[in-house]
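Work through the exercises below with the structure open. Each task is followed by a stepwise solution.

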Amino acid sequence: MRCIAIDDEPLALTQLSGYISRIPFLSLLNACSDAGEAVPLVMSGKVDLIFTDITMPDLNGMDFIRSLPHSPMVIFTTAYPEYAVEGFRLEAVDYLLKPFSFQDLLRAAERARRTYLSRQSAKGERDPLFMKSDGRLINIETDHILYIESVSEYVRVYLEGQDEPVTALGSLMKLEAALPSHFMRVHRSYIVNLHKIFEVSRQRIVMDRKVYIPVGESYRERFSDYVSRRCIL
């Protein structure tokens with residue numbers, strides 16, 4: 001599982017990072033000294049698990065988790081037991097009270113791993129999304145979709161790691177109805193995967209391929225509301 005560690009105390013962050021490095025099924029992507037530093041990585045959708053302190057300057061751990069549209073699993077680490085109830089209300093996998101041992105962290109990580117495997121199994125049971133393209137039925141993994149473009153009577157689905165889109169006869173409206181909630185129509189000709197947005201600039205969305213997608217006037221209010229509700233700094 002890919003994880004990040006967040007703590008404003010250098011010694012605590014070093015200890016936490018060291019514990020994580022000893023657990024073979026965890027891969028530490030970054031050790032962050034504040035929650036704001038972790039935002040871009042979490043929003044990229046590459047994080048499966050967050051270890052975070054609660055009492056930090058500027059943005060505390062709980063407010064950070066609340067601000068995320070789709071939070072990864074979280075394990076809170078704190079010296080204050082009074083936050084425990086609120087932590088579990090946020091559906092935390094576990095709540096570690098400082099000072100905790102490596103065995104404490106390992107037990108929490110094992111719990112997260114069981115949850116992760118259960119979710120992966122559930123994903124595998126989801127109905128697939130097939131598209132007819134060039135006489136073939138192609139299974140589209142929605143998590144790999146960057147954005148979708150409508151061109152005349154066709155739709156083009158752009159996927160991570162592929163230079164050419166999957167093209168099929170159809171409408172954006174029909175495809176939009178079949179997509180998960182983290183996809184949004186932002187223009188009469190475009191649907192974007194909100195998890196894959198790199199930047200928003202001057203009413204344009206920048207995807208990770210440096211593709212610029214316009215935000216149509218009819219869709220601007222909804223998209224701006226989505227962004228403003230998730231803007232934490």
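**Exercise 1. Which strands does the two-residue hairpin join, and how do they pair?**

Solution. The model is a predicted one.
- Step 1: Find the connection. Two residues link strand 11 to strand 12 as a hairpin.
- Step 2: Check the pairing. Strand 11 and strand 12 (residues 190–193) run antiparallel and share four bridges.
- Step 3: Pick out a facing pair. I191 in strand 12 is opposite R185.
- Step 4: Check the cover. Five of the five residues of strand 11 are buried, so the strand is mostly covered.

**Exercise 2. Is H182 buried or exposed, and which residues does H182 touch?**

Solution.
- Step 1: Place the residue. H182 sits in the loop between helix 6 (172–178) and strand 11 (183–187).
- Step 2: Apply the cut-off. Buried means under 20% relative accessible area. H182 has 10%, so H182 is buried.
- Step 3: List the contacts. Leaving out residues up to four places away in sequence, H182 touches H70, D143, V192, N193, L194 and H195.

**Exercise 3. What is the strand order of the open five-stranded sheet, and which strands stand at the edges?**

Solution.
- Step 1: Read the order. The five strands of this open sheet run 2-1-3-4-5, with parallel pairing.
- Step 2: Find the edges. Strand 2 (27–32) and strand 5 (94–97) each have a single partner strand, so one side of each lacks a neighbour in the sheet.
- Step 3: Take the twist. From one strand to the next, the twist averages 15 degrees.
- Step 4: Look at one pairing. Four bridges join strand 4 (residues 73–78) to strand 5 in the parallel sense. Within this pairing, F76 has Y95 of strand 5 as its bridge partner.

**Exercise 4. Where does helix 2 pack, and why do its buried residues lie on the same side?**

Solution.
- Step 1: Locate the contacts. Helix 2 (residues 35–43) packs on the sheet and touches strand 1 (2–6), strand 2 and strand 3 (49–53).
- Step 2: Set the direction. Helix 2 makes about 145 degrees with the direction of strand 2.
- Step 3: Name the buried residues. In helix 2 they are A35, A38, V39 and V42.
- Step 4: Use the arc. These residues cover an arc of only 130 degrees around the axis, which puts them on the same side of helix 2.
- Step 5: Identify their partners. The buried residues of helix 2 pack against strand 1, strand 2, strand 3 and helix 3 (61–67).
- Step 6: Inspect the ends. D34 caps the N-terminal end of helix 2, with a side-chain oxygen 3.0 Å from the backbone nitrogen of G36. Just after helix 2, G45 has a positive phi of about 80 degrees.

**Exercise 5. How many aromatic pairs are there, and which parts does the pair of Y19 and F100 tie together?**

Solution.
- Step 1: Count. With ring centres within 6.5 Å as the cut-off, there are four aromatic pairs.
- Step 2: Describe the pair. Y19 and F100 are tilted, at 6.3 Å centre to centre and 55 degrees between the planes.
- Step 3: Place the rings. Y19 lies in helix 1 (residues 10–21) and F100 in the loop between strand 5 and helix 5 (102–124), so the pair ties together parts 81 residues apart in sequence.
- Step 4: Check burial. Y19 is buried at a relative accessible area of 13%, and F100 is buried at 8%.
- Step 5: Extend the group. Ring pairs link Y19, F100 and F102 into a cluster.

Key
Residues are numbered from 1 along each chain as its sequence is written. This is a predicted model: local features need pLDDT of at least 70, side-chain atom pairs count only at pLDDT 80 or more; totals for chains, interfaces and linings use all residues. Side-chain values use heavy atoms; hydrogens and water are left out. Two strands pair if DSSP finds at least two bridges between them. Axes are lines fitted to C-alpha atoms, for helices over the stretch in contact, and angles run from 0 to 180 degrees between N-to-C directions. Contact means heavy atoms within 4.5 Å. Buried means under 20% relative accessible area, exposed over 50%, partly exposed in between (1.4 Å probe, protein chains only). The arc is that of the directions from the helix axis to the C-beta atoms. A polar contact is a pair of N or O atoms within 3.5 Å; within protein, one must be able to donate a hydrogen and the other to accept it, and residues adjacent in sequence count only if both atoms are side-chain atoms. Rings of Phe, Tyr and Trp (its six-membered ring) pair if their centres lie within 6.5 Å; planes under 30 degrees apart count as stacked, over 60 as edge-to-face and the rest as tilted.
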